[in-house]
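Biologist: I have the sequence and the coordinates open on my side. Could you walk me through them while I look?

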2 protein chains.
Amino acid sequence: MRKVPAQIASQLQQALPLIAEQGLEQTKIDEIADTSGVPKATLYYYFSGKEEILAYLIEDMLTAISDQAAIAMGTDGTAKDRLEAVVMTQIRLLVENRALGATLIGDLGRISRSPGLIQSLQAAFYTPVENLLVEGAGDGSLRIIHNPLLGSMTIFGSVIMSILVTVITPADEEIEFPDDLAGDLLDVVMKGLLP
Amino acid sequence: MRKVPAQIASQLQQALPLIAEQGLEQTKIDEIADTSGVPKATLYYYFSGKEEILAYLIEDMLTAISDQAAIAMGTDGTAKDRLEAVVMTQIRLLVENRALGATLIGDLGRISRSPGLIQSLQAAFYTPVENLLVEGAGDGSLRIIHNPLLGSMTIFGSVIMSILVTVITPADEEIEFPDDLAGDLLDVVMKGLLP
DNA sequence: CGATGTTTGTACTGCGAGTACAGACTTTCT
DNA sequence: AGAAAGTCTGTACTCGCAGTACAAACATCG
């Protein structure tokens, strides 16, 4: 895969709603070409096919998320505070690009089939959270849990499911602001379900 | 779609590992026919295509889960106890049929595009949990949370992510027993991450 | 036993992914 | 400047595979 010019990368975003809506399988290359304005021949000049186009866009987003998460991790405060900051960041970036977020979540199978994407996904979601859980057990701001990986999965799972629901919801209905959503979500995850 | 004979439904299960591994997109109808032993012409006699075959299998599993969940809900005990029973049931059924579980989770987008499947998914996962959360707030065995839907999403999210990881994990590695997994997961979800 | 439905093999059609390639245009090098 | 190498895109093509057509064998049932 050749280095993709920023211009083209940006144009490709326009095809995302289409892909999110009908799935990559049902989205024809010509549709992607037409909607994005990038000629089909040019697409094949840069990518080897549909799969690679989508993988490229997803990887791009995951990189952005892990970058931002790293920043949030580096701030001051207890592990708990920074965990909340990280989760908020993840949610914000997913919601800001709804279509890509929906595709990411709706197509976890595709991601799990690509080692590169698995790695990016871990870097964006698992690793930062898992590190913070360990840190939190150290500085006392978080409970020591038996299985930290499961903790990060719980968070990741609730994040993506929340997003999925806001994304499935017809666009005409009002969506909760990411901050409210993130707040409620953290409330549940942090305090648990027991009284 | 005609009523599918039990025999054929059962044979189709054999094609699931294939679909889980490479995705429906990459799985050819002829492969499904060969692996399952159901002739291609017969497949098209009952189904309108690949999509419908997979949808049928998924719906089948979701129905089984919601049936079992309903049973677990009907037992004695506090809402908390029954919630744990329900979650254990969900995990058990997903793990017992790894391939289908993996497909279900890896292809949430497909599900979210089909109203029928959304409904089955809700019946299997959301509705029972959400009801129990409300009940639990009533009988005092669970905390009153601001957004019950979010509670059920958190649980669903952590369940499927845990499954996804056990499924992605190379088959040669030892998998945690569903009971242990469920136990750890409930520990996190119930008690939360705070000390 | 006729009628209606099931099952399956074989042969076919057609869509759309991906390829080939030539020509225009741009950048880089000498 | 001018050659060389790389970028971009239109057009026309191939070909794999999903889905269709259909006929013949077989079952079921009234």
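Modeller: Gladly, and keep in mind that this is a predicted model. A place to begin is Met1(B), which lies in the segment before helix 1 (6-12) of chain B.

Biologist: Is Met1(B) buried or exposed there?

Modeller: Met1(B) counts as exposed, because it has 10 C-beta neighbours inside 10 Å, and the cut-off for exposed is 12 or fewer.

Biologist: And what does Met1(B) touch, leaving out residues up to four places away in sequence?

Modeller: With those left out, Met1(B) touches Tyr46(B), Phe47(B), Ser48(B) and Glu52(B). In addition, the C-alpha atoms of Met1(B) and Tyr45(B) are separated by 8.6 Å, although these two residues are 44 residues apart along the chain.

Biologist: Switching to the protein pair, how many residues does each chain bring to the contact?

Modeller: Chain A and chain B each bring 40 residues to the contact. On the side of chain B that touches chain A, the elements that give two or more residues are helix 2 (16-26), helix 7 (98-106), helix 8 (108-112), helix 10 (148-168) and helix 11 (178-191) of chain B. The largest share of that side comes from helix 10 of chain B, with 13 residues.

Biologist: What classes of residue make up that side of chain B?

Modeller: The side of chain B that touches chain A has 19 nonpolar, 13 polar and 8 charged residues.

Biologist: How are the two copies related?

Modeller: A turn of 180° with a shift of 0.0 Å along the axis lays chain B on chain A with an RMSD of 0.0 Å, and the two copies are therefore related as by a two-fold rotation axis. The copies also meet through the same surface, because 100% of the interface residues of chain B are also interface residues in chain A.

Biologist: Back to helix 2 and helix 7 of chain B, at what angle do their axes cross?

Modeller: The axes of helix 2 and helix 7 of chain B cross at roughly 35° and come within 8 Å, and the crossing is left-handed. Leu16(B), Pro17(B), Ile19(B) and Ala20(B) of helix 2 make this contact with Ala99(B), Leu100(B), Ala102(B) and Thr103(B) of helix 7. By class, the residues of this contact divide into 7 nonpolar, 1 polar and no charged.

Biologist: And what is the angle for helix 2 and helix 7 of chain A?

Modeller: In chain A, helix 2 and helix 7 pack at an angle of about 35° with their axes 8 Å apart, and their crossing is left-handed.

Biologist: Now the DNA. Which residues come nearest to DNA strand C?

Modeller: There are 15 residues around DNA strand C, and Lys28(A), Gly49(A), Pro39(B), Ala41(B) and Thr42(B) come nearest. The elements that give two or more residues to the surface near this strand are helix 3 (29-36) and helix 4 (40-46) of chain A, together with helix 4 (40-46) of chain B. Helix 4 of chain B provides the largest share, 4 residues, and the surface as a whole has 8 nonpolar, 2 polar and 5 charged residues.

Biologist: Which residues surround DNA strand D?

Modeller: Both chains take part, with Pro5(A), Pro39(A), Ala41(A), Thr42(A) and Tyr45(A) among them from chain A, and Lys28(B), Ile29(B), Asp30(B), Ala41(B), Tyr44(B), Gly49(B) and Lys50(B) among them from chain B. Helix 4 of chain A gives the most to the surface near DNA strand D, with 3 residues. That surface divides into 7 nonpolar, 2 polar and 3 charged residues.

Technical notes
Residues numbered from 1 in each chain as written. Chains lettered and ligands numbered in written order. Predicted model: local features only at pLDDT ≥ 70, side-chain atom pairs only at ≥ 80, totals over all residues. Contact = placed C-beta atoms within 7 Å. Nonpolar A, V, L, I, M, F, W, Y, C, P; charged D, E, K, R; others polar. Near = placed C-beta within 6 Å. Buried ≥ 20, exposed ≤ 12 C-beta atoms within 10 Å, placed from the backbone. Least-squares fit on C-alpha atoms with pLDDT ≥ 70 in both. Axes fitted to C-alpha atoms, helices over the stretch in contact; angles between N-to-C directions. Left-handed = near helix turned anticlockwise from the far one by under 90°.
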